[in-house]
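Me: Here is a structure I have never looked at before. Could you take me through some of the words used to describe it?

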2 protein chains.
Amino acid sequence: MASRSKPVSSGNSPANSRGKPTLRTIADITGLAVTTVSRALANAPQISIETRNRVRQVALDIGYSPDRAAQRLKTGRTNVIAVLLEPHEEILGYGTSVMAGIAKALQGTAYHLIVMPNFLNTANIDAINYIIRNSMADGLIFSRTEPLDPRVMLLSENGFPFVTHGRTELATAHPFVDYDNFTFAYEATRRLIAKGRRRLALISGPAGYTFAGHIQHGFMTAVREAGCAYEILSDIDLDSPAGAIRDRIRRRYAENDPPDGFTCGGEVCALATITGMTDCGLTLGLEYDIVAKQTSQLLGAIQPRVDTIYEDLTATGEHMGRILLRRIAGSTDINELQLLLNPELPFETQPASVAD
Amino acid sequence: MASRSKPVSSGNSPANSRGKPTLRTIADITGLAVTTVSRALANAPQISIETRNRVRQVALDIGYSPDRAAQRLKTGRTNVIAVLLEPHEEILGYGTSVMAGIAKALQGTAYHLIVMPNFLNTANIDAINYIIRNSMADGLIFSRTEPLDPRVMLLSENGFPFVTHGRTELATAHPFVDYDNFTFAYEATRRLIAKGRRRLALISGPAGYTFAGHIQHGFMTAVREAGCAYEILSDIDLDSPAGAIRDRIRRRYAENDPPDGFTCGGEVCALATITGMTDCGLTLGLEYDIVAKQTSQLLGAIQPRVDTIYEDLTATGEHMGRILLRRIAGSTDINELQLLLNPELPFETQPASVAD
DNA sequence: TCGTATGATGAAAACGTTTTAAATGGGCGA
DNA sequence: TCGCCCATTTAAAACGTTTTCATCATACGA
């Protein structure tokens, strides 16, 4: 009894020792117990509806918000989503767009987005191990999957919630959002063919990534259907510095039977290709054409004559965020955890967008 | 006595209920008290050196790492740095570069980087208020300051540690990292003049931001020194869509005395300018010149004839991170909390880089 | 031999939550 | 009237740290 008898509504005592209102503050004001307040705020059915409302009102009045550290300590949930940032993502705002999307999905939830950059250019399996072992997040998002991605395997084995940007060829299904790069490359290449181009070249993603294979597959399917000459430009890929791509194009043009149509997996690489061709005295739309994947507004304005197919990275991020939340909430229904975005459809009409 | 007598080294008991080793685990293994273990790991001088080593070894062996939530709850420190992400930062990887730099500075420390995107296009004063009130981070980083930036005022008043990318004109000094945009614009414009250009135009930052003023000031100083004709292109700025800039250039060229030299504050805007001029039948390096600020490898490779002056955003981020850590650690020495990066010097030779 | 300074360790409380288990009191059937 | 159940509410423990204060040898000067 002598120990801490309830101060019975200490009136205007607004906060605790640190100055921030806590459950205890609300308890003192309402005359309820901390337990009750906690339950009321959690909307527990066992608390009477009047009490719930009263508590909520007081919480609002004094500007209460729960202490994340305490919640995390008690529940074991971190309320954190981690995104692995790759060096390649610096270019053209890939990372920023995706993160903006993720953040959008996380808006209004208790989740925060933390960024874990991968400095070592290694596969970031160590970072993932670290995150799992120290339970630093409730879920993980990363991009650029490989067909047999060791990161996916590690996470799957540990039952750690994650979503990838990109698919794998692993037996066990896992949550992902992916852009249909096959269709992209197929359609892009067909557009070149429709423009009358017959000697086609592809600048694809870096070898080893699943999406690079999809792009090549789409390209190959289109050129074989049409029976065109084709080549996949060696020594360079989407991640190559623009200068390297430009030089490669110049070199290629000096050789026999240069391409007259380019399927480019990215904007920078399209610009670099144009630069190289311009240096050789060729004009886009006249002697050759380009169809490129577009992920920003840059290309459309700079080079309107580059035909593009759009990939909405912010939407991708938003989908990944939503799917991850579902996964964390316990969903195992793979249908609502996987999403293949269609190059044609705008964001609004995508299925998962209306799912919740 | 009956209560919890020490299990005296329960041998191979590796972890707690949740499966993660804790201080208690180490305490049980070593036979020490939790207090002692905590102190040993904190390298407290009162703990004998042998004990410290032994504890550290055991911690290493069992893969202990402290629970952030518990630390945070107890100490009130979050070990989190928040960075406010602006919409404009999607373009050309500004945000990603800066974040990569910040993360680099945070590497090896206990700090995590969390991203708070600013969706409302408003001044993000609300987000900052939220961060302060709920003590969601130990420090804050944001960019694009205004001369009388209300965010800076709010944070200063609350004594909340922060670093800005950009200066203000407020009376009370605050930590910042800034690029010397005056010198950039001054030198850029002088280069145009040196190339013989005499009708100069500027595409500056959006009105209202401090750095836009600096750029204009540098530009004006150079053109007045040389007595050239000049103009600051109205209706557009660095943040304008590339298409808008291109159109504006075309329109301007249709009028009297079009410019023959452009000082561009960014790469996209330089490319858009080139596009507009090309549309008017003009060739870069022949009829006109451009000097632009470069923040990526894009422009150099695409348009080598654009003269550029480099701003290293990753380095900027790294400096901001380091300065913020100093500030959080309690430094009030304004000399080591402010840094004006010189356009000429490469990163390695900057003062703050060697400071620690 | 005693008291005390010293160097090392330990017990317990606290941070703010959630959760398990228990208490309270009224209503109701028998 | 009694016992029981239901609807609410509460007490207390726990999550894993850090920190305040206390304990305990041991050594030391007298």
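Reply: Happily; here are some questions about terms, each answered from the model. This is a predicted model, in which local features need pLDDT of at least 70, side-chain atom pairs count only at pLDDT 80 or more, and totals for chains, interfaces and linings use all residues. Residues are numbered from 1 along each chain as its sequence is written, chains are lettered from A, and side-chain values use heavy atoms, with hydrogens and water left out.

Me: How do you know that the two copies are related as by a two-fold rotation axis?

Reply: Chain B is superposed on chain A by a rotation of 180° with 0.0 Å of shift along its axis, at an RMSD of 0.1 Å. The fit is by least squares on C-alpha atoms of residues with pLDDT of at least 70 in both copies. The copies are thus related as by a two-fold rotation axis.

Me: Why are α6(B) and α7(B) called roughly parallel?

Reply: Helix α6 (residues 125-133) of chain B and helix α7 (residues 150-158) of chain B pack at an angle of about 15°, with their axes 10 Å apart. Angles under 35 degrees count as roughly parallel, so α6(B) and α7(B) are roughly parallel to each other.

Me: What makes A:Arg39 partly exposed?

Reply: A:Arg39, in helix α2 (residues 34-41) of chain A, has a relative accessible area of 35%. Buried means under 20%, exposed over 50%, and partly exposed in between (1.4 Å probe, protein chains only), so A:Arg39 is partly exposed.

Key. Axes fitted to C-alpha atoms, helices over the stretch in contact; angles between N-to-C directions. Helix = DSSP H or I, 4+ residues; strand = E, 2+ residues; numbered from the N terminus. Parallel < 35°, antiparallel > 145°, perpendicular 65-115°, else oblique.
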